[in-house]
Number of protein chains: 2
Amino acid sequence: MNIGIIGSGQVAQTLGGKFADLGHSVTISSRDPGRPKDRGEWGVIPSADEWAAARRAEGADAAAGSFTAAAIAGDVVVNATAGASSLAALRLAGAKHLSGKILIDLANPLDFSRGMPPSLTVCNTDSLGEQIQAAFPHTKVVKTLNTVNVNVMIDPAQLGAETDLFVAGNDTDAKAWVTEHVLREWLGWPRVFDLGDITAARATEMYMPLWLRLWGAAGTGALNIKVVAAQP
Amino acid sequence: MNIGIIGSGQVAQTLGGKFADLGHSVTISSRDPGRPKDRGEWGVIPSADEWAAARRAEGADAAAGSFTAAAIAGDVVVNATAGASSLAALRLAGAKHLSGKILIDLANPLDFSRGMPPSLTVCNTDSLGEQIQAAFPHTKVVKTLNTVNVNVMIDPAQLGAETDLFVAGNDTDAKAWVTEHVLREWLGWPRVFDLGDITAARATEMYMPLWLRLWGAAGTGALNIKVVAAQP
């Protein structure tokens with residue numbers, strides 16, 4: 001399948017690499033695909049172009065381009081940008097190129113401008129997932145994967161126990177397809193809760209403050225939660 | 001031990017009953033201890049006075065009174081009011097009667113004024129726990145138990161698997177005492193994460209939207225989460 005990824009950072013490269021390893025055709029994207037990403041104290045990661053060249057050298061079907069190129073290339077599109085710049089990046093990608101497609105939104109609207117831990121740029125009575133759905137009404141936005149870091153996304157078994165993912169979105173068929181294929185088959189997530197329409201994106205985005213505290217308390221970002229419920 | 005509970009609703013009565021069953025002296029409280037609580041479609045529950053009389057008839061050491069009476073009676077005080085009225089109730093209880101004491105805050109700042117599911121009256125860069133700590137600087141506020149419903153609070157084993165609770169607060173000794181005695185010994189919670197100072201109340205209060213969606217998806221409020229982390 002052709003997968004377009006909006007973004008070219010750590011999440012885009014790691015998730016894109018996983019999809020490419022599975023045999024998919026992957027296009028990651030950037031405002032400037034030739035520029036390496038300087039993440040300050042976290043180091044420098046390769047440019048989108050360098051990433052794609054390295055994957056192709058390994059035999060993968062990988063490309064890099066503009067946001068528009070990724071949106072056009074993808075039968076399914078993934079928003080892997082930082083939440084604070086997601087709407088701008090998706091607008092550059094172009095509503096017409098996203099129209100009718102599933103957009104997997106795994107971004108969180110983290111606001112680092114007030115120090116650590118980050119707060120959220122939007123929450124409570126709105127969410128990034130809803131803002132994206134409202135801005136792109138002809139796109140099927142499926143909010144998911146935003147409750148784990150990218151290393152857990154692509155390898156849930158590393159946690160040593162089955163844990164849970166969540167999906168939210170207005171299009172039932174789109175959620176079912178993402179759940180069955182992307183989450184279960186491709187990434188190996190056996191347990192997925194459907195939380196409801198796209199307003200449920202509030203729930204998983206507002207879980208970020210707890211996730212960030214758990215990261216501190218557990219001493220690792222390789223963590224997730226398992227929902228335990230009594231039989232109703 | 002003498003336990004004062006600010007509030008006389010379902011949470012106060014159920015948790016107070018558990019503490020009384022354990023042999024503690026419990027005072028629940030209300031603006032009007034003689035008035036039964038009409039919770040609309042959820043039915044009517046006994047007044048604070050009726051609750052205390054029924055517990056005493058069973059041989060328990062239970063009383064009902066004003067918020068001030070409960071604050072004076074308690075060596076430890078519990079905030080079991082609805083979050084939207086917690087600050088008003090605690091002010092009526094009186095800062096001088098809460099001074100130097102541990103206040104276990106298990107309220108969530110749910111805002112039902114905009115329909116269901118509720119939003120929060122405060123979140124993101126502040127929290128109810130912080131507002132209470134700021135309003136009562138000589139009280140040791142420990143935020144905990146707000147991530148489960150009261151039936152799970154008093155009987156975590158019903159879930160059939162060990163799940164997690166969280167504590168947040170500025171006073172390390174107070175958190176340790178609550179964790180060891182109230183959570184582990186009295187209520188039976190073996191796993192408790194210390195998330196940090198009282199600003200971490202944001203994390204557990206902002207988990208409420210996810211809890212509410214999980215309640216819908218799981219079909220029961222008898223639920224909780226277990227944190228699963230790889231070894232760091």
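## Questions about a predicted two-chain model

Q: Is Trp186(B) buried or exposed?
A: In this predicted model, the relative accessibility of Trp186(B) comes to 14%. A residue under 20% counts as buried, so the verdict for Trp186(B) is buried.

Q: How many aromatic pairs are there over all chains?
A: Two rings pair if their centres lie within 6.5 Å. By this rule, the count over all chains is eight.

Q: What kind of aromatic pair do Phe166(A) and Phe193(A) form?
A: A pair of aromatic rings is described by the distance of the centres and the angle of the planes. For Phe166(A) and Phe193(A), the centres are 6.2 Å apart and the planes make an angle of 35°. Planes under 30 degrees apart would be stacked and those over 60 edge-to-face, so this pair is tilted.

Q: How many residues apart in sequence are the parts that Phe166(A) and Phe193(A) tie together?
A: Phe166(A) belongs to strand β11 of chain A (residues 164-168), while Phe193(A) belongs to strand β12 of chain A (residues 191-196). Both Phe166(A) and Phe193(A) are buried. Their pair therefore ties together parts whose separation in sequence, in residues, is 27.

Q: What kind of aromatic pair is made by Phe19(B) and Trp186(B)?
A: Their ring centres are 5.6 Å apart, with 75° between the planes. An angle over 60 degrees has its own class, so Phe19(B) and Trp186(B) are edge-to-face.

Q: Which helices of chain B does the pair of Phe19(B) and Trp186(B) link?
A: The two residues are 167 apart, so this is a link between distant parts of the chain. Phe19(B) is buried, at 2% relative accessibility. Phe19(B) sits in residues 10-21 and Trp186(B) in residues 172-186, which are helices α1 and α8.

Q: Which residues join Phe19(A) in a cluster of ring pairs?
A: Chain A has a cluster linked by ring pairs, and Phe19(A) is one of its members. The others are Trp177(A) and Trp186(A).

Q: How many disulfides are there over all chains?
A: A disulfide is a covalent bond between the sulfur atoms of two cysteines. The sulfurs must lie within 2.5 Å to count, and the total over all chains is zero.

Q: How far from Cys123(A) is the nearest cysteine sulfur?
A: Cys123(A) is in no disulfide, and its nearest cysteine sulfur belongs to Cys123(B). Cys123(A) counts as buried at 17% relative accessibility, and Cys123(B) does too, at 15%. The cut-off for a disulfide is 2.5 Å, whereas the distance here is 3.7 Å.

Q: What rotation superposes chain A on chain B?
A: The superposition has an RMSD of 0.0 Å, with 0.0 Å of shift along the axis. This is the relation of a two-fold axis. The copies meet through the same surface, because 100% of the interface residues of chain A are also interface residues in chain B. The rotation is 180°.

Q: Which residue in β10(B) is the bridge partner of Asp105(B)?
A: Strand β7 of chain B (residues 102-105) pairs in the parallel sense with β6(B) over four bridges, and Asn79(B) stands opposite Asp105(B). Four bridges also join β7(B) to β10(B), again running parallel. In β10(B), the partner of Asp105(B) is Lys143(B).

Q: What is the relative accessible area of Val77(B)?
A: Val77(B) lies in strand β6 of chain B. Its contacts beyond four places in sequence include Gly4(B), Ile6(B), Leu98(B) and Leu103(B). Val77(B) is buried, with a relative accessible area of 0%.

Methods
Residues numbered from 1 in each chain as written. Chains lettered and ligands numbered in written order. Predicted model: local features only at pLDDT ≥ 70, side-chain atom pairs only at ≥ 80, totals over all residues. Heavy atoms only, no water. Least-squares fit on C-alpha atoms with pLDDT ≥ 70 in both. Contact = heavy atoms within 4.5 Å. Buried < 20%, exposed > 50% of the residue type's maximum accessible area, 1.4 Å probe, protein only. Pairing = 2+ DSSP bridges. Phe/Tyr/Trp six-rings, centres within 6.5 Å; stacked < 30°, edge-to-face > 60°.
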